[in-house]
Amino acid sequence: MGRPAIVLLSGGLDSTTVLAIAKDQGFTPYALSFRYGQRHSAELVAAERVAKTLGAARHVVADIDLRVFGGSALTDDISVPKHDSVEEISSDTVPVTYVPARNTIFLSFALAYAEVVGSTDIFTGVTAVDYSGYPDCRPEYMAAYEAMANLATKASMEGGSPLKLHSPLITMSKADIIREGLRLGVDYSMTSSCYDPDAQGRACGHCDTCLLRLKGFTEAGVVDPAPYRPSNA
């Protein structure tokens with residue numbers, strides 16, 4: 001078995017690809033997902049499926065209720081924005097689907113988990129290309145978090161190995177991410193990216209993440225195998 005690595009796993013396209021990349025690089029992945037009060041459970045069902053299929057050493061789901069704060073269409077009574085095309089997605093403002101401080105919270109849990117399993121590697125699927133404008137997906141944020149993390153651990157006090165925050169997708173387009181995942185044998189039919197799926201887990205096809213995903217598959221020259229509900233539904 002390779003060195004242990006914590007992989008943040010939402011069950012979506014990006015994090016699933018990252019789990020496959022971590023395995024391909026010889027790491028033993030410990031998958032970490034969150035039940036944080038999001039508006040649906042489809043992504044957690046997908047994360048469980050992905051972790052099992054890709055052979056995570058362990059899959060932990062941590063419970064955090066971010067609904068106590070709200071402030072996001074994913075954790076509050078705010079409608080998820082829908083569009084007819086990816087061109088309608090605004091890049092000038094942070095979208096209402098941004099969950100305040102979510103990546104900081106998730107990475108803090110990953111840091112704690114890493115200390116427990118003796119890992120110095122955390123993998124995350126953030127990307128600064130073909131994304132919805134979240135401030136905690138930028139390269140400078142990831143670099144700053146890694147610097148902070150290396151001041152916050154027992155290993156940092158005792159002269160242990162520094163912690164490395166891996167963001168292998170950060171400069172990749174969605175199409176390139178899909179091509180890399182397919183090269184590694186990822187079956188994207190088991191993933192769920194939609195912000196507003198129906199009760200059967202079928203994607204809406206019109207939220208930001210659906211449109212960016214569909215654009216990526218089109219540019220990669222393959223059909224998205226994930227289930228979408230009928231356009232007139």
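1. The strand β1 is largely enclosed by the rest of the structure, because four of its five residues are buried. The model discussed in this note is a predicted one, and each point below should be read with that in mind. Strand β1 covers residues 4-8 and pairs with β2 in the parallel sense, over five bridges. Two of the partners in β2 can be picked out by residue: Ala 5 has Pro 29 as its bridge partner, and Ile 6 has Tyr 30.

2. The strand β2, which spans residues 28-35, is mostly covered as well, with seven of its eight residues buried. A reader who is following the chain in the viewer may find it helpful to look at β1 and β2 together, since the two pair in the parallel sense.

3. How are the strands ordered in the sheet? The sheet is open and is formed by five strands in the order β3-β2-β1-β4-β5, with parallel pairing. The edges are taken by β3 (58-63) and β5 (164-166), each of which has a single partner strand, so one side of each is left without a neighbour in the sheet. From one strand to the next, the twist averages 25°.

4. Towards the β5 edge of the sheet, strand β4 (residues 121-123) is joined to β5 by three bridges, and these two strands run parallel. Within this pairing, Asp 121 stands opposite Lys 164 in β5. The sheet also carries a helix, for α2 packs on it and touches β2 and β3, and the direction of α2 makes about 170° with that of β2.

5. Helix α2 (residues 42-54) also packs with helix α1 (residues 13-24), at an angle of about 20° and with the two axes 11 Å apart. That angle makes α1 roughly parallel to α2, as it lies under the 35 degrees that serve as the limit for this description. In passing α2, helix α1 makes a right-handed crossing. On the α1 side the contact involves Thr 16, Leu 19, Ala 20 and Lys 23, which meet Val 50, Ala 51 and Leu 54 in α2. By character, the residues of this contact of α1 with α2 divide into five nonpolar, one polar and one charged.

6. A second helix pair is formed by α6 (residues 174-183) and α7 (residues 208-220), which pack at an angle of about 65° with their axes 7 Å apart. The two helices are therefore roughly perpendicular to each other, and their crossing is right-handed. From α6 the contact draws on Lys 174, Ala 175, Ile 178 and Arg 179, while α7 supplies Leu 212, Arg 213, Gly 216, Phe 217, Glu 219 and Ala 220. The residues of this contact of α6 with α7 divide into five nonpolar, one polar and four charged.

7. Is Asn 103, a residue of helix α3 (residues 102-117), buried or exposed? Its relative accessible area is 14%, and Asn 103 is buried, given that buried stands for values under 20%. When residues up to four places away in sequence are not counted, Asn 103 touches Val 126, Asp 136, Cys 137 and Tyr 141.

8. Ala 101 has its place in the loop between β3 and α3. Its phi is near 65°, which is a positive value in a residue other than glycine, and a reviewer may wish to look at this position in the model. With a relative accessibility of 34%, Ala 101 counts as partly exposed.

9. Which residues surround Arg 229, leaving aside its neighbours within four places in sequence? Arg 229 is found in the segment after α7, and it is in contact with Lys 82, Asp 196, Pro 197, Asp 198, Arg 202, Ala 203 and Cys 204. Of these contacts, Ala 203 can be described further: it lies 26 residues from Arg 229 along the chain, and the C-alpha atoms of the two are separated by 6.0 Å. Arg 229 has a relative accessibility of 18% and counts as buried.

Definitions and conventions
Residues are numbered from 1 along each chain as its sequence is written. This is a predicted model: local features need pLDDT of at least 70, side-chain atom pairs count only at pLDDT 80 or more; totals for chains, interfaces and linings use all residues. Side-chain values use heavy atoms; hydrogens and water are left out. Axes are lines fitted to C-alpha atoms, for helices over the stretch in contact, and angles run from 0 to 180 degrees between N-to-C directions. Angles under 35 degrees count as roughly parallel, over 145 as roughly antiparallel, 65 to 115 as roughly perpendicular and the rest as oblique. A crossing is left-handed if the near helix is turned anticlockwise from the far one by less than a right angle, and right-handed if clockwise. Contact means heavy atoms within 4.5 Å. Ala, Val, Leu, Ile, Met, Phe, Trp, Tyr, Cys and Pro count as nonpolar, Asp, Glu, Lys and Arg as charged, and the others, Gly among them, as polar. Buried means under 20% relative accessible area, exposed over 50%, partly exposed in between (1.4 Å probe, protein chains only). Two strands pair if DSSP finds at least two bridges between them.
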